[in-house]
Amino acid sequence: MARRIVITSGKGGVGKTTTTANLGAALAQRGHRVVLVDADIGLRNLDLVLGVEKRIVFDIVEVVEGRCQLRQALIKDKRIENLSVLPAAQTRDKTAVSELQFANVVSQLAELCDFVLIDCPAGIEHGFRNAIAGAGEAIVVTTPEVSAIRDADRVIGKLHERGLPIRLIVNRLRPEMVRSGDMLSVDDVTDILSAELLGIVPDDEEVVDSTNRGEPVVLRAESRLAVIYDKIVRRLEGELVPFTTFGAPSLFARIFGKAS
Amino acid sequence: MIDFFQRLFGKPSSSATAKERLRLVLLSDHLSLAPEVVESLKHDLIEVISRYVEVDAEQCDVSFEQREKQIAMLANIPVLAMKARQAPRPPEPPSEPPAPPAPEPPPESIAAAVAEPVGAPAAGPKTPAVKRAPKQAQGSRPRRKRRKATSQPATAT
Amino acid sequence: MQETVVHADGEPARGEAREAAAAPQATRGRAIVITSGKGGVGKTTTTANLGAALAAAGAAVVLVDADVGLRNLDIVLGLEARVRHHVLDVLEGAVDVDGALVTDKRVPQLRLLAAAQTREKDDVDTEAFRDLVTSLRERFDYVLIDCPAGIEKGFANAIAAADEAIIVCTPDVSAVRDADRVVGLLGERRSVRLIVNRLRPALVRKGKMLSVDDVNAILHLPLLGVVTDAPDVIVSTNRGEPVALDAASAVGSAYREIAQRIAGTLTSSPEIPRERSFFEKLFGGRP
């Protein structure tokens, strides 16, 4: 039986889909069989971020409505062995699938692989409830910003109600802004949210480009984020991996605009 | 807290401001009380404690800790001096047994715990609302005690 | 009170003009929903800043947070400590609307009607919310509604109450796709216009980010303005001080300009920010 992990946040736009795609790819690169599920029915984006949008034939709603087999709806990634995606529907909304139906789909997927990662939509309504219905554990993604932290806190409360174990990823950290006191630090965030830290991901302009191309950033050999996601995956596997500390950028880097 | 930064550095960093604001907002969200009511709660808590001991009002801090399904409110209230008793009474040890000795990091303060959110009765004998400092001989430093009580949240968030 | 809708390119609004019901138009304020589909693109920041800019310029403005359960308009404005009641308290009759409105002390023409934090979007009755907004239009020049992410009940309530819409979109494929979906759901209304937010001209030049033209080639909306990405937005949210009130901020200036276009006092087309050259970056000026 696979581990079923929901990636959620409350706040939109903090990097749930990017995190799901990259963790999935990194897990698959380490040999695990991984299925990614897009729970954002009506506003699907996981397919786009992975670059499989042109290969969608069936989606989760059609599976639930019995119009196709589950295996028919899964899209195998062409670049990474052992990685598949179950896309959301685009022309429906989240009420098209009930919590029970969603949980059933996830259970079925869990028979086929080692990890099911569920990309949760923004919010705490129906779509969120569906996404967590199938999960055994949760990763909460937040950025070090006031609104995101407040929403993450709310979501953590909801997850506690369901008894789901929670780990936190702090995304889009800008170490230079933390140093100048213009951004909350990781310690500030974990202080406020009291959740176990799983990973720290710095802000990186490569993410925009990689999303444009439908290429998870972990697939790029020269990407420093690949190292970060690899660490997170190893922590998920149970290894104790020290967190990266982000040092001061060199004068050169500051002039030419590249973060270290 | 913000006063401290202002004294040392001038305008506080925006991240320090953000952290303070978030603490109030989250406390308000968790207790389902409007922020002004939360401020009143803190104010009243300090006022009650002030009837027994003199406190450093500016350094008082009330926060909360979320642990799994429980919420604990923590109050950290620095004590400046004991207040003289109103009615004449022979000096005697307090009726309750003295608390076990605890380490004494400066500044001296008494931490009180609120067992339940405002409006609910106190949890019971094991979780008093305010922990009194035991009577001390003149000149000795009051011991620092910290007691946390946990309870179910008033409302599910 | 501005009634004719003037667009940056001089063209009439996309879609048919829809007459406002009941009271004569001359006495009614404008209800504008700020939406996007995609979360995190800057709806709340935009609502707060446009509201602040319009109010600072003299208009009577009320901001309505429609994100029940995940409210943030209060904290972005720095008014969170003074929120005592919210929209549901008003809709359920627990308090009248004046008891719920929070006045911004920096800009007294600006008021906030906060969302409930521990309730659900399903608790809001669409008709009642629409009536509330209509009544606010009787008293204010602008009612700006901060729409939640998504396209569910919260979104439906927010857009039902407004006849004008502003779509906020960042230059990335997910946001554009979601915005496109929302444009479809908005249907015909008095005006639907676009703000492109968090543009990074340097990345656009390197071909690593969509340009404003790329975005609008898909959305086909009249462009209200472009806001570049800048760290001072994060700082301003930390402090609860909208950048639109900061004379020194470039982002603030962009929002102020957009507010002028909304009010009709600025009719020129928005300028698309270009990347500063290497020398400009190094020496802070043109070579």
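In chain C of this predicted model, L63(C) stands opposite L144(C) in strand β5(C). L63(C) belongs to this pairing through β2 (residues 61-65) of chain C, which joins β5(C) in the parallel sense over five bridges. Strands here are DSSP runs of E of at least two residues, helices are runs of H or I of at least four, and both are numbered from the N terminus; two strands pair if DSSP finds at least two bridges between them. Local features were accepted only at pLDDT of at least 70 and side-chain atom pairs at pLDDT 80 or more, whereas totals for chains, interfaces and linings use all residues. Residues are numbered from 1 along each chain as its sequence is written, with chains lettered from A and ligands numbered from 1 in the order in which they are written.

β5(C) also pairs with β1(C), again through five bridges and in parallel. In that pairing R30(C) is placed opposite Y142(C). Strand β5(C), residues 142-146, is mostly covered, with five of its five residues buried. A residue is called buried if 20 or more other C-beta atoms lie within 10 Å of its own, exposed if 12 or fewer do, and partly exposed in between, the C-beta atoms being placed from the backbone. The cover extends to both faces of the strand: Y142(C), L144(C) and D146(C) are buried on one side, V143(C) and I145(C) on the other.

The wider arrangement is an open sheet of eight strands in chain C, with mixed pairing and the order β3-β4-β2-β5-β1-β6-β7-β8. Its edges are formed by β3 (102-103) and β8 (223-228) of chain C; each has a single partner strand, so one side of each is left without a neighbour in the sheet. Further along the order, β1(C) and β6(C) pair in the parallel sense over four bridges, and I34(C) stands opposite I166(C) in β6(C).

The sheet leads on to the nonpolar core. Nonpolar side chains tend to be buried together in soluble globular proteins. A nonpolar core is here a set of buried Ala, Val, Leu, Ile, Met, Phe, Trp, Tyr and Cys residues joined through C-beta atoms within 7 Å. The largest such core has 195 residues, of which I118(A), I145(C) and I167(C) touch the most other members. Leaving aside residues up to four places away in sequence, I167(C) touches T35(C), S36(C), A179(C), V182(C), V183(C), V192(C), L194(C) and L221(C); two residues are in contact if their C-beta atoms, placed from the backbone, lie within 7 Å.

Helix α7(C) supplies several buried residues of its own: V173(C), S174(C), A175(C), V176(C), R177(C), D178(C), A179(C), V182(C) and V183(C). These pack against β1 (30-35), β6 (164-169), β7 (191-199) and α9 (212-219) of chain C, and also against α2 (46-50) and α10 (206-213) of chain A. The helix comprises 14 residues, 173-186, which at 1.5 Å a residue should span 20 Å, and its end C-alpha atoms are 20 Å apart, in agreement; the expected span is 1.5 Å times one less than the number of residues. After the helix comes G187(C), with a positive phi near 65 degrees.

Between chains C and A, 33 residues of chain C are in contact with 33 residues of chain A. On the chain C side, α2 (73-77), α7 and α10 (232-239) each supply at least two residues. The largest share, five residues, comes from α7(C).

Chain A has twelve helices and eight strands, and buried residues make up 56% of its 260 residues. Its radius of gyration, taken over C-alpha atoms, is 18 Å. A compact globule of 260 residues would have a value near 18 Å, which agrees; the globule rule is 2.2 Å times the number of residues to the power 0.38. In the loop between β3 (75-76) and β4 (83-86) of chain A lies N82(A), a residue other than glycine with a positive phi near 70 degrees. N82(A) counts as partly exposed because it has 19 C-beta neighbours inside 10 Å.

Chain B contains three helices and four strands, in the sequence pattern α-α-α-β-β-β-β. Of its 157 residues, 24% count as buried. S32(B), in the loop between α2 (14-31) and α3 (35-50) of chain B, has a positive phi near 55 degrees. With 16 C-beta neighbours inside 10 Å, S32(B) is partly exposed.
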